[in-house]
Amino acid sequence: MAVSTNHHVVLFPYMAKGHTIPLLQFGRLLLSHCDKEPTISLTVTVFTTPKNQPFVSEFLSDTPEINVISLPFPENISGIPPGVESTDKLPSMSLFVPFTRATKLLQPLFEETLKNLPQVSFIVSDGFLWWTSESATKFKIPRLFFFGINSYASAVLKSTFHHKLFTEPEIKSDTEPVTVPDFPWIQVKKCDFHDIPSDPKQSGPAYELFMDQVMANSKSHGSLVNSFYELESAFVDYEKNDSDRPKSWCIGPLCLTDPPKPGSAKPAWIQWLDRKREEGRPVLYVAFGTQAEISNEQLKELALGLEDSKVNFLWVTRQDVAEIIGEEFNDRIRESGMIVRDWVDQWEILSHESVKGFLSHCGWNSAQESICVGVPLLAWPMMAEQPLNAKLVVEEIKVGVRVETQDGSVQGFVTREELSRKVKELIEGDTGKNARESVKEYSKMAEAALVQGTGSSWKNLDLLLKELCKSREPDAKRC
Ligand SMILES: O=c1ccn([C@@H]2O[C@H](COP(=O)(O)OP(=O)(O)O[C@H]3O[C@H](CO)[C@@H](O)[C@H](O)[C@H]3O)[C@@H](O)[C@H]2O)c(=O)[nH]1
């Protein structure tokens, strides 16, 4: 067994928590893989910006060997408040395009820094940081892109746009179900793609940015998918069989790479969940990721729906619920609910025995975390590819129940009656019971996917490292 040269991998996450977290987890996975497979030795460098560095360093505090480099975030970007370096701090997600465009100003310094780093074997950068593809080409480094989405969403998106499903012939209705040609058992609606600016007729800054990303990604060596084969095999195979597209590797679920946390003091919400366990009351966990924007009117209806359901709930939100709907709400739910506005360890909450359901926007990290821990979902998608994730969860793998809007559109209003009914259905009803049984099966498959030597994701990562590291070593033939 020849011990190899030391390889160096650069990771460049997009400045959004839902994109940064899985790439940091990937850094950790790379190191642990190489610990178990000593024929490959590597070091990892993560690029970020100063205001994101504390989060990144704290997240990686168990892995001090990962090097973190901060590049100053561009200043004076029209519309972006000074000091905002992460999408969760943007006043509105409507600033996504100028914010993302601004990242290109990091390119000269990124390239200057690359010149002074030990030779890089490959770069993994977010698909939103399209310009990193150009840097990688300049330095002749293979680049993999990462969007954080699953194969189901990416296959359905591709099939829909390839077959011009909504444009030829033009479908005006936002809510008319249309069959996806490559997956005839799936129907989608125009509103499922509301946030994806892929229609050339809607040309403008969002479409141009989207196309820059598509072009850069098509020139990349491949992509990483935070998912596992057994969860969505038909869609992984569809991606694999597309010879026009760079190769993709399913290497997840990345959330399972997080180490157990050292026994520190329990936060108040975990103590509250402990109490619910003693009382024998199931708890619904409610959280919508780091970017969702909920109007005050909808927030109020959500709060009242939770209250009406009589199911105990732990609600993590960035919004000030009491200010929006009045202190009396807090008084009324004092026993049955807890509202938290801090950053929480979501994995710790989901893993708590009291949590029996997750009302989620179906951001892919949240949905997959719930699947891994064996908690069924109440799917309320709000933006981006979340409507497709919700379809995967509810229709394809049947580990959840869907919240319906009044007008059937993704952006529509959800009434308190609908919410309360679906909460009860998930926690107490037969659909919830079936979803709970299914999700436990997927949870076992998720664990198995990462098992050394036999897991599908483990094997994929091993192949990837052989392709990008071992085969490029000077003595490659001997390995
Ligand atoms: O207090 C908190 C809040 C969030 N999280 C974590 O933050 C991540 C949030 O990610 P996700 O659930 O995917 O939500 P978003 O932040 O909304 O994710 C964006 O990025 C995802 C990955 O590309 C997409 O699937 C979503 O549509 C997009 O909105 C998850 O790992 C959570 O566990 C915490 O740990 N604590």
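## Strand pairing

Two strands pair if DSSP finds at least two bridges between them. Strand 1 and strand 2 meet that condition, with six bridges in the parallel sense. Within this pair, Val 9 stands opposite Val 44 in strand 2. The model is a predicted one.

Strand 1 covers residues 6–12. Most of strand 1 is covered, with six of its seven residues buried.

## The open sheet

Seven strands make up an open sheet, and their pairing is parallel. The order is 3-2-1-4-5-8-9. Strand 3 (67–70) and strand 9 (247–250) are the edge strands, each pairing on one side only. From one strand to the next, the twist averages 25 degrees.

Helix 1 packs on this sheet. Helix 1 touches strand 1, strand 2, strand 4 (122–126), strand 5 and strand 8. The direction of helix 1 makes about 165 degrees with that of strand 2. Helix 18 (residues 456–468) also packs on the sheet. The contacts of helix 18 are with strand 2, strand 4, strand 5, strand 8 and strand 9. The direction of helix 18 makes about 135 degrees with that of strand 9.

## Strand 8 and its neighbours

Strand 8 (residues 222–225) runs parallel to strand 5 (residues 143–146), and three bridges join them. Leu 144 stands opposite Gly 222 in strand 8. Phe 146 stands opposite Leu 224. Towards strand 9, four bridges join a parallel pair. There, Gly 222 stands opposite Lys 247 in strand 9.

In a regular strand the side chains alternate between the two faces of the sheet. In strand 8, Gly 222 and Leu 224 point one way. Ser 223 and Val 225 point the other way. All four of these residues are buried.

## Helix 14

Helix 14 (residues 364–373) is mostly covered: of its ten residues, nine are buried. The buried set is Trp 364, Asn 365, Ser 366, Ala 367, Gln 368, Glu 369, Ser 370, Ile 371 and Cys 372.

The cover over these residues includes helix 1, helix 13 (346–350) and strand 13 (355–360). It also includes strand 14 (377–379), helix 15 (386–396) and helix 17 (430–449). Gly 374 follows helix 14 and has a positive phi, near 80 degrees.

## Cavities

Rolling a probe the size of a water molecule over the atoms shows where empty space is left. Across the whole structure, a search finds three cavities of 30 Å³ or more.

The largest cavity has a volume of about 80 Å³. Its lining consists of Lys 189, Trp 380, Pro 381, Arg 402, Val 403, Glu 404, Thr 405, Gly 408, Ser 409 and Val 410. By class, four of these residues are nonpolar, three polar and three charged.

The second largest cavity has a volume of about 60 Å³. Pro 13, Tyr 14, Met 15, Lys 17, Thr 20, Phe 47, Thr 48, Asn 52, Phe 55 and Val 56 line the second largest cavity. Six of these lining residues are nonpolar, three polar and one charged. Helix 1 (17–36), strand 2 (41–48) and helix 2 (53–59) each supply at least two residues of this lining. Two of these elements also appear in the sheet region: helix 1 packs on the sheet and touches strand 2.

Terms used: Residues are numbered from 1 along each chain as its sequence is written. This is a predicted model: local features need pLDDT of at least 70, side-chain atom pairs count only at pLDDT 80 or more; totals for chains, interfaces and linings use all residues. Side-chain values use heavy atoms; hydrogens and water are left out. On a 1 Å grid over the protein atoms alone, a cavity is a set of points where a 1.4 Å probe fits but cannot get out, and a pocket is an open set with protein on both sides within 12 Å along at least five of seven lines; lining residues have an atom within 4 Å of a point. Grid points are joined across faces, edges and corners, and a volume is the space filled by probe spheres set on the points. Ala, Val, Leu, Ile, Met, Phe, Trp, Tyr, Cys and Pro count as nonpolar, Asp, Glu, Lys and Arg as charged, and the others, Gly among them, as polar. Axes are lines fitted to C-alpha atoms, for helices over the stretch in contact, and angles run from 0 to 180 degrees between N-to-C directions. Contact means heavy atoms within 4.5 Å. Buried means under 20% relative accessible area, exposed over 50%, partly exposed in between (1.4 Å probe, protein chains only).
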